[in-house]
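Biologist: I would like to go through some charged side chains with you, one pair at a time. Could we have the sequence and the model in view first?

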Amino acid sequence: MQFSGILLDLDGTLLDTLPDLADAANAMRQDMGLAPIAEDIIATYIGKGVEQLVIRALGHEGSPASVDMVMRGLARYQDHYRALNGQRSRLYPGVLAGLQAFRAQGARLAVVTNKGTEFTTPLLRQTGLDAYFEVVVCGDTCARKKPDPMPLFHACELLGITPDQALFIGDSINDAQAAKAAGMRVLALPYGYNEGRPVQSLPVDAIVESLVEAAQWAAGTNPQTEPA
């Protein structure tokens, strides 16, 4: 066993939540008299939390939304997402097999997401992922979100491990920056969102095609060696 703890992002890493996020964002825009946005555009707005998603979605036409508009949009978005959360979200291929492989290695598992607890808890339960994770750190658990390393440090503390004993797996620049700032090895999956940027540009130790491949990488890597 090479890593004592495996920390994983949620949206774009374990689950394809884009359909529900896009439906909620477009329902919010409709409420505010705005036209819908294509799903692939909304994908580029995901990653820095719900507030930034709303700000970006409302500013899609090029003019920044006012504070009042953002506050109204945030309330409408949350109402819609509360109703839509999990309806069209799906596990990515290989996720369950990968989690099982990590557990077979003796690793303890944690989710570290910028999604709020209100939405994360039911989503994990609906998809059956809650059974795999000892620790769940959400966007409102700590004072700061990814790309700040604070949530990753908090997850390690709850797992009873040090950051150099952990591997972080995500899909975006927020994940890569948070892991590097925390002193962790980090892998990226190529099928997530990453705000529309190529995953090959991320400062990570490796890009793996699936969580199964991530478990194979972890089993054959010494976390004490220098990053590639």
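Biologist: Which residue forms a salt bridge with Arg82 at 2.9 Å between the closest N and O atoms?

Modeller: This is a predicted model, where local features need pLDDT of at least 70, side-chain atom pairs count only at pLDDT 80 or more, and totals for chains, interfaces and linings use all residues. Residues are numbered from 1 along each chain as its sequence is written, and side-chain values use heavy atoms, with hydrogens and water left out. A salt bridge here is a side-chain nitrogen of Lys or Arg within 4 Å of a carboxyl oxygen of Asp or Glu. By that rule, the partner of Arg82 at 2.9 Å is Asp79.

Biologist: In which helix do Arg82 and Asp79 both lie?

Modeller: Helices (H or I, at least four residues) and strands (E, at least two) are DSSP runs, numbered from the N terminus. Arg82 and Asp79 are three residues apart, about one turn of the helix, and that helix, residues 67-84, is α4.

Biologist: Which residues are joined with Arg82 into one network by salt bridges that share partners?

Modeller: The side chain of Arg82 also meets that of Glu118 in a salt bridge of 2.3 Å, N to O. This pair links distant parts of the chain, 36 residues apart, with Arg82 in helix α4 and Glu118 in helix α6 (residues 117-127). Through shared partners, the network joins Arg82 with Asp31, Arg76, Asp79 and Glu118.

Biologist: Is Glu195 buried or exposed?

Modeller: Glu195 forms a salt bridge with Lys48, the closest N and O atoms being 2.8 Å apart. Buried means under 20% relative accessible area, exposed over 50%, and partly exposed in between (1.4 Å probe, protein chains only). Because its relative accessible area is 11%, Glu195 counts as buried.
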